[in-house]
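Hi,

Here is the structure I promised to pass on. Have a look at it first, and then read my notes underneath.

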Amino acid sequence: VVWLVAWVVASGCGGSDESLSREDYQASIADLVQDSAEPTELHTELVLMPRSPEECTSMLAAFEEQVGDLVERVAELRPPAPVQDAHDDFVAAARRSVGRIHAVRDDVAAGKVSCGDELNRLLSGMPSARKAERAIARLERRGYVVFGQ
């Protein structure tokens with residue numbers, strides 16, 4: 001899920017019907033990476049150790065909201081045409097991941113899942129995560145920097 005937070009934030013937000021230039025799209029990635037700090041920290045806290053069901057549910061709800069908001073910011077972005085398909089594939093996969101986080105949160109609230117290792121396995125094993133990772137890889141093959149370097 002950390003990849004989700006990093007990508008979502010790196011993509012930035014838009015609102016115009018006009019596509020961003022390659023430089024502006026890449027600049028939005030560089031400018032907004034810092035916004036991923038809070039949800040990334042929260043994710044780490046969720047998977048680091050077990051917590052009470054109430055605390056875990058509350059923290060996971062906050063994480064779901066933060067990531068969901070970031071995904072919608074990405075959905076508003078208008079990337080350059082050559083990477084539109086990768087961008088759209090990422091948004092679709094990320095939205096599925098947010099939906100899965102919601103379902104896992106319901107399981108946490110019901111006492112079926114706990115924070116810590118169990119939650120980490122569920123969040124990191126989502127099929128939508130692999131699809132999003134492939135979309136990110138396609139973007140990086142086009143010369144964009146998503147995770148550094």
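Below is what turned up, starting with how far to trust the model.

This is a predicted model, so to speak for the ground rules: local features need pLDDT of at least 70, side-chain atom pairs count only at pLDDT 80 or more, and totals for chains, interfaces and linings use all residues. Residues are numbered from 1 along each chain as its sequence is written, and side-chain values use heavy atoms, with hydrogens and water left out.

The mean pLDDT (the predictor's confidence in each residue, from 0 to 100) is 85, and 83% of the residues reach 70 or more. Among the elements (helices are DSSP runs of H or I, at least four residues; strands are runs of E, at least two; both numbered from the N terminus), α5 has the highest mean at 95, while helix α1 (residues 2–11) has the lowest at 54. Over residues 9–15 pLDDT stays under 50. Where pLDDT is low, don't read the predicted coordinates in detail.

Now the cysteines: the whole structure has one disulfide (a pair of cysteine sulfur atoms within 2.5 Å). It joins Cys56 to Cys115, S to S 2.0 Å. Cys56 sits in helix α4 (residues 53–76) and Cys115 in the loop between α5 (84–109) and α6 (117–124), 59 residues apart. Both are buried (under 20% relative accessible area, 1.4 Å probe, protein chains only; exposed is over 50%, partly exposed in between).

Finally, the largest nonpolar core (buried Ala, Val, Leu, Ile, Met, Phe, Trp, Tyr and Cys residues joined through side-chain atoms within 4.5 Å) has 31 residues. α5 gives the most to this core, with eight residues.

Cheers

Technical notes:
Contact means heavy atoms within 4.5 Å.
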